[in-house]
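Trainee: I would like to learn how to read pockets, cavities and unusual backbone geometry in a structure. Can we work through one case?

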Amino acid sequence: MPRRDVGSFPLDETLVGEGPNFPDLSELEVIRHYTRLSTWNFGVDTGMYPLGSCTMKYNPKTNERQAALPGFSGAHPMLPAALSQGVLRMMYELERLLAEITGMDAVTLQPAAGAHGELTGMLLFHAYHKSRGSRRSKIIVPDTAHGTNPASAALVGFSPVNVKSNERGVLSAETIAAVMDGETAGIMVTNPNTLGFFEEEIREIADAVHAKDGLVYADGANMNALMGIVNVGDIGVDVLHLNLHKTFSTPHGGGGPGSGPVCVKKRLEPFLPVPRVIEENGIFRLSDDFPQTIGKLHAFYGNVGIMIRAYSYIRSLGPELKKVSQLAVLNANYIKERLKGFLHLPYDRPCMHECVFSDKNQAAQKVTTLDMVKRLMDHGFHPPTIYFPLVVHGAIMIEPTETESKEDIDLFIEAFKSVIREAAENPGELLEAPRRTRVRRLDETAAARHPCLTC
Ligand SMILES: *Cc1c(COP(=O)(O)O)cnc(C)c1O
């Protein structure tokens, strides 16, 4: 392959050997390739993406513009604090904003994802008990917790103790009081839980856990239902993680970088990861001077680009964040009410930001959750979350988010109704869905385990 000169600098052939065999393509060919590939995919920017537990909201483009500002995008983590005042101030203020939104006292921005936040939280639990000379081996994890919760607890060496929710889909304080003991580090509660319900007895649950010197961890990945409405710090929660890439608007779903800040009450602040951003007389700097810290959980300070997006989102909405949560809850309840005569609704009561149905009504036709959501793709919608939460057999978990218009939500409801009609009248056809997508029904296990990246 002939070598090309680089700009106006002719290559000195005596200095270069045989280079790697890269494909030689023009810009236009590359653009066409990637633009074509992008149209094979589905994203929030192309259609409704009601994936429960994932909060696939629209992410305003201004957040991308702020993250791309040269002062931010050109910042280097090894620059001295004196040359990084803007980025340090952004991080400091974001911590304060998240503390205000949640009602907690102190925040670390270091964890790179929700599950990473949970791991951080469990390390904080361990450090807290250790500082009091107490060794605890167990942790209470309800059946409606997110699946990452028991995994994160186990990573730190706690054995998860599973407890069941009651017939209303929430926890009873008595159940928790009965299992809480001096060997148990505390509880991990997903709130709202994975059935989309607010844990109403959370304060009594917290009292029962605190009575045995345990701690309360709240998985706040679903903060989209609570902003401006629930003061998490007031209801007995000691540690809470947030998913900036869900509630606070960062494109996700492609496995890209995330951010899972952890918010704590005052008594857990000494254990937070270092370095922490501190402020002295209007000057910001990083400090490692926290002797009880659990240490460092991420290279440098975490995923700063995601923090900028969240900061931009929070600053542009301000008190309107409350409306975000109100609309998210309204939209989910609207879908629940309009579909409940058609799909089986295991818990018929007001939900938070998502609602959970099942395929029970379609069982006679042998049509499953999977068949129905595959057909939804033919109608131009991303499937909702399915077979989760595990407490509902054949679960269909729908989270519309606040950013969908009533028109689009109505279209989704009509599409789902037409799928349900088809299930009753012509179930055989449904087994063939999807028909209008680039690929038909995939062997998902094989696709995950043996991906073909060159097709
Ligand atoms: C998404 C989610 C998590 C995990 O977050 P990641 O960023 O994917 O690690 C944890 N808990 C709940 C309730 C979630 O919805």
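Mentor: We will take the ligand site, then the open and closed spaces, then the backbone. Keep in mind that this is a predicted model.

Trainee: Which residues are the closest to the ligand, and how many surround it?

Mentor: Start from the shell, that is, residues with a heavy atom within 4 Å of the ligand. Here the shell has 14 residues, and the closest are Ser53, Gly114, Asp219, His245 and Lys246. Helix H5, residues 114-131, gives the largest share with 3 residues. Sorted by class, 8 shell residues are polar, 3 are nonpolar and 3 are charged.

Trainee: What lies 2.8 Å from an oxygen atom of the ligand at Gly114?

Mentor: For polar contacts, look for N or O pairs within 3.5 Å. At Gly114 the partner is a backbone N or O atom, 2.8 Å from a ligand oxygen. Ala115 also uses a polar backbone atom, and its distance to an oxygen atom of the ligand is 2.8 Å. With Lys246 the atom belongs to the side chain: a polar atom there lies 2.7 Å from a ligand oxygen. As for cover, the ligand on its own has 380 Å² of accessible area, and the protein covers 85% of that.

Trainee: How much space lies in the largest pocket, and which residues lie nearest its centre?

Mentor: A pocket is an open space, whereas a cavity is one that the probe cannot get out of. The largest pocket holds about 1,500 Å³. Its lining has 44 residues, with Trp40, Asn41, Phe42, Met377 and His382 nearest the centre. By class the lining comprises 19 nonpolar, 16 polar and 9 charged residues.

Trainee: Which elements supply at least two residues of that lining?

Mentor: They include helix H1 (27-39), helix H2 (61-67) and helix H9 (304-317). Helix H11 (369-378) and strand S11 (385-386) also supply at least two residues each. H11 gives the largest share, 4 residues.

Trainee: Why does the largest pocket lie between domain 1 and domain 2?

Mentor: Check which domains give residues to the lining. Domain 1 (62-319) and domain 2 (321-440) both do, so the largest pocket lies between them.

Trainee: How many cavities of 30 Å³ or more does the structure hold?

Mentor: There are 3. The largest has a volume of about 90 Å³. Among its lining residues are Met91, Glu95, Val107, Pro273, Arg276 and Tyr301. Helix H4 (85-102), strand S1 (106-108) and strand S8 (276-280) each supply at least two residues of this lining. The class count is 7 nonpolar, 2 polar and 2 charged.

Trainee: What is the volume of the second largest cavity, and which residues line it?

Mentor: Its volume is about 50 Å³. The lining includes Leu195, Phe197, Lys336, Tyr347 and Arg349, as well as Cys351 and Cys355. It divides into 7 nonpolar and 2 charged residues, with no polar ones.

Trainee: Now the backbone. Where are the cis peptide bonds?

Mentor: Read omega for each bond. One cis bond joins Asn191 and Pro192, with omega about -5°. Pro192 sits in the loop between strand S4 (184-190) and helix H8 (202-211). Another joins Phe388 and Pro389, with omega about 5°. Pro389 is in the loop between S11 and strand S12 (396-398).

Trainee: Which residue has a positive phi although it is not a glycine?

Mentor: Phe300 does, with phi about 50°. This residue is in the loop between strand S9 (283-287) and H9.

Definitions and conventions
Residues are numbered from 1 along each chain as its sequence is written. This is a predicted model: local features need pLDDT of at least 70, side-chain atom pairs count only at pLDDT 80 or more; totals for chains, interfaces and linings use all residues. Side-chain values use heavy atoms; hydrogens and water are left out. A polar contact is a pair of N or O atoms within 3.5 Å; within protein, one must be able to donate a hydrogen and the other to accept it, and residues adjacent in sequence count only if both atoms are side-chain atoms. Accessible areas come from the Shrake-Rupley method with a 1.4 Å probe; for residues, only the protein chains shown count as cover. Ala, Val, Leu, Ile, Met, Phe, Trp, Tyr, Cys and Pro count as nonpolar, Asp, Glu, Lys and Arg as charged, and the others, Gly among them, as polar. On a 1 Å grid over the protein atoms alone, a cavity is a set of points where a 1.4 Å probe fits but cannot get out, and a pocket is an open set with protein on both sides within 12 Å along at least five of seven lines; lining residues have an atom within 4 Å of a point. Grid points are joined across faces, edges and corners, and a volume is the space filled by probe spheres set on the points. Domain bounds come from an automatic or database domain assignment.
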